[in-house]
Amino acid sequence: MTITFAQCFRRFVAAIAIAGLCLGVPVQAKQLSRSTHQSLTEARELMGEDKYEAALRKLEKLLAKVGKRDYEKALTLQTLGYAYAGMDRDRDAIDAFERSLEMDALPDAPTNELQNRLARLYTRIEQYEKAYDYLQAWFAQIEKPGAGDYALKANILAQLDRTSEAIEAIRTAIERTDSPKEQHYQLLVSLQYRSERFAPARETLKDMLAQWPDQKQYWTQLASVYLQLERNQDAHAVMKLAYRKGLLESETELLRLARIGLSIEVPAKTAELLEQEMKRGRIEANEDHWALAGQGWAQAKEWERAINAYAKAAKRGDAGKYHMQRAHMFTRLDNWQSAIEAAHKALKDPDLESPGKAHILIGRGYLELGKHDKAVAAFNNAVDDTDSARQARQWRQYAESRKS
């Protein structure tokens, strides 16, 4: 049978409540009547069996019965608080515990335990100032708090935006833990990142990866920290290693790796990765992604592969822009006929910006091919575009001089 978290919590509360009998002093010293002792024992046994409603009824009757006997009333309220906590009635539990403490009748051990319980309950209902006050009162009475107590303190301080103190507390929790607890490190690195302490965050994430090397988010977080430190080479190395380990699967992660690769000038590998992942289907083969691959091949001066990538981008989106980029790349290969053809394709796009530039490129191509009349005609077309008119006239004059 599966046990839920809530059931585990209630059983824990019941165990604490039952153990509470052992935290007090002998019956005779505190004048706990046998009937009260018997009723409390029965209530705690009911709680141990998850019979909280029955325990609650018994405790409410007992509370009316004990009257002004402070110790018995305080002990009954304490147990009543545990019953409410087991039922997830946090505010009722808080009220019972605080009324018990106000009696000032319990011994030190159960008093301290209630302070700790109240700190945790106030944390659950997000009243962090009160939670912190109770926890500090508890800390003042405890010789050596444990790792979990420091972790609770760190969480409360984090909610109060007291980041430096929270970092100190969670570091203490880590130091006092026999075996590393992942949630402690997660809180520490989030606090460091939030407060822009990127160098310490880097070291924390390195420690986390040494212990949990298959947790993808720590690789990506470490890459983010390196980017914040303007160490893009290291960020790319981290992401590349995660990729090789098979940890990067989503399109967002793969594109991030690609963009970092372009930023540190490893364009060919980046373009190859993009094309490979588009083929695998993990990156959508759309206009933007083919254009990004084209950008990579162009940066690597792999003109033919860039031309092919931009051709695929043109089929999926802004045809005029990408055909113009292809035309320019054909000129790099001295393939002027293909450059002319690509520029003509660009001109078919009614949304092409500065068509005059396409006409100028066509005219230059015809000049290279020795077709002066066609070159002059192309430059004449370019003159009609105000953005290119001056340059077009200069080219036209040059073409006419070549023709003569």
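Is Gln 115 buried or exposed? To find out, select this residue in the model, which is a predicted one. Gln 115 is buried, because its relative accessible area is 14%, under the 20% limit that defines the term. The residue belongs to helix 7, which covers residues 108-124. Display its surroundings next: leaving aside residues up to four places away in sequence, Gln 115 touches Leu 101, Tyr 134, Ala 137 and Trp 138.

Proceed to helix 21, residues 355-368. Its 14 residues should span 20 Å at 1.5 Å a residue, and the end C-alpha atoms are indeed 20 Å apart. Of these 14 residues, 10 are buried, so helix 21 is largely enclosed by the rest of the structure. Among the buried residues to highlight are His 359, Ile 360, Leu 361, Ile 362 and Tyr 366. Show also helix 19 (319-332), helix 20 (336-347), helix 22 (372-383) and helix 23 (389-403), which are included in what covers the buried residues of helix 21. Just after helix 21, select Gly 370, where phi is positive, at about 80°.

The final stop is an internal space. The structure has 1 cavity of 30 Å³ or more, and the volume of the largest cavity is about 50 Å³. Select His 236, Lys 240, Leu 257, Ala 258, Lys 269, Thr 270 and Leu 273 to see its lining. Helix 14 (232-244), helix 15 (251-263) and helix 16 (267-280) each supply at least two lining residues; the largest share, 3 residues, comes from helix 16. Coloured by character, the lining divides into 3 nonpolar, 2 polar and 2 charged residues.

How values were computed: Residues numbered from 1 in each chain as written. Predicted model: local features only at pLDDT ≥ 70, side-chain atom pairs only at ≥ 80, totals over all residues. Heavy atoms only, no water. Helix = DSSP H or I, 4+ residues; strand = E, 2+ residues; numbered from the N terminus. Buried < 20%, exposed > 50% of the residue type's maximum accessible area, 1.4 Å probe, protein only. Contact = heavy atoms within 4.5 Å. Expected span 1.5 Å × (residues − 1). 1 Å grid on protein atoms, 1.4 Å probe; cavity = no way out; pocket = protein on both sides within 12 Å on 5 of 7 lines; lining within 4 Å. Points joined across faces, edges and corners; volume = space filled by probe spheres on them. Nonpolar A, V, L, I, M, F, W, Y, C, P; charged D, E, K, R; others polar.
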